[in-house]
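Here are some comments for a colleague who is looking over the ligand site and one loop residue. Please read them with the coordinates open.

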Amino acid sequence: MNAALESVLARELSSLLSPASILRCHEALGQRTTLRVGGAADIYVEPASEADLGRALLFCHRRSLPCFVLGRGSNLLVKDAGYHGVVLCLAHPVFSSVGVSGLRVRCGAGARLKSVAQEAKRHEIAGLEFLEGIPGSVGGALRMNAGAMGNAIFERVDSVRLMNMAGEIQECPSAEMGAEYRQCARLKSSIALSATLHGEPGRREAIERRMNEFSQRRWSSQPAAASAGCMFKNPAQIPAGRLIDELGLKGARVGGAMVSSQHGNFLVNDGSATAQDVLDLIELVRARARTERGIELETEVEIIGD
Ligand code: EPU
């Protein structure tokens, strides 16, 4: 997008939104991702209400402007040239409520998974402990059917409140969401606004113990350095981490990007990586898996930008 067009579009979009919404141009995205690489968004919006989100989506739809909803950026790789379109972020508190009713937890798309797990524990609702260690938002987790410790979020979802690209809202039962391992068909063309999850009755101490156990397992097997979590989906034949390990790729480097020496499926940023370093390392790993084992690795991390 050229600068003149960008400023016209930004002004037009801004005039449609309530004053409480935030709109900025050239917003650096790298610092909004856990991998910490990548360029800027042409236009960045934090809507202050569902109505503003709907207006922004309709605006993009009518002008055929690419738009992307950013969660906590924990499963995202933004290319160095940035994103030429509108990035929407549900960071306003209106999108991050967590409410409990019986064994059900209603959570906004912008809520942190950690907060959902903590709130469930407080109300003695078991079964959501695995969410504690996933460093993302509810919306992002639904979009990719995130999981850990043998569980995935859609096993716990009753329904999702959705907004389509025309700004229309619908409540969709879990069975109609098209959720599979690390993907969700309905959320390719719609945005999750909130979801209702369910758990079972549990004792606070037992829930706490399970959370601690999960946390210990995670810290002993996964690196603390900047990364986007697991880079590749696990292929049917073998977990990606074990495959990369067996290929002897731990410690392999391109610039500031390195295959973690702790877990083969984590590509970490030593602080100096560019998005291109990470993309080149992804290709290096994929090429070795293809030529040496005949396995086509698919990224789990979403890659956006030009
Ligand atoms: N392994 C190795 N070498 C390695 C890494 C793993 O031999 O360098 C072996 C492990 O010993 C184990 C197997 O590979 O036998 C699987 O490893 P792990 O238990 O660490 O699980 P994973 O399949 O690599 C999955 C999720 C993680 C989640 C963990 C823990 C995927 C792609 N990854 O990892 O999710 O945290 O289970 O439950 O499904 C993420 O999605 O970003 C993510 C980190």
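The points below take up the ligand surroundings and then Glu132.

1. The model is predicted, and the remarks that follow should be read with that in mind.

2. There are 20 residues around the ligand, and those that come nearest are Met149, Cys230, Asn234, Arg242 and Asp245. By class, this shell is made up of seven nonpolar, eight polar and five charged residues.

3. Two backbone contacts and one side-chain contact can be described for the oxygen atoms of the ligand. A polar backbone atom of Cys230 lies 2.8 Å from a ligand oxygen, a polar backbone atom of Gly264 is 2.8 Å from an oxygen atom of the ligand, and for Arg242 it is a polar side-chain atom that lies 2.8 Å from a ligand oxygen. The ligand taken alone exposes 820 Å², of which the protein buries 72%.

4. Strand E9 (147–148), strand E17 (226–230) and helix H6 (240–246) are the elements that each give two or more residues to the shell around the ligand. The largest share, three residues, comes from H6.

5. Glu132 is placed in the loop between strand E8 (125–126) and helix H4 (138–143). Is Glu132 buried or exposed? Its relative accessible area is 13%, and because buried means under 20%, Glu132 counts as buried. Leaving aside residues up to four places away in sequence, Glu132 touches Lys114, Ala117, Gln118, Met211 and Arg218.

Terms used: Residues are numbered from 1 along each chain as its sequence is written. This is a predicted model: local features need pLDDT of at least 70, side-chain atom pairs count only at pLDDT 80 or more; totals for chains, interfaces and linings use all residues. Side-chain values use heavy atoms; hydrogens and water are left out. A residue is near a molecule or strand if one of its heavy atoms lies within 4 Å of it. A polar contact is a pair of N or O atoms within 3.5 Å; within protein, one must be able to donate a hydrogen and the other to accept it, and residues adjacent in sequence count only if both atoms are side-chain atoms. Accessible areas come from the Shrake-Rupley method with a 1.4 Å probe; for residues, only the protein chains shown count as cover. Helices (H or I, at least four residues) and strands (E, at least two) are DSSP runs, numbered from the N terminus. Ala, Val, Leu, Ile, Met, Phe, Trp, Tyr, Cys and Pro count as nonpolar, Asp, Glu, Lys and Arg as charged, and the others, Gly among them, as polar. Buried means under 20% relative accessible area, exposed over 50%, partly exposed in between (1.4 Å probe, protein chains only). Contact means heavy atoms within 4.5 Å.
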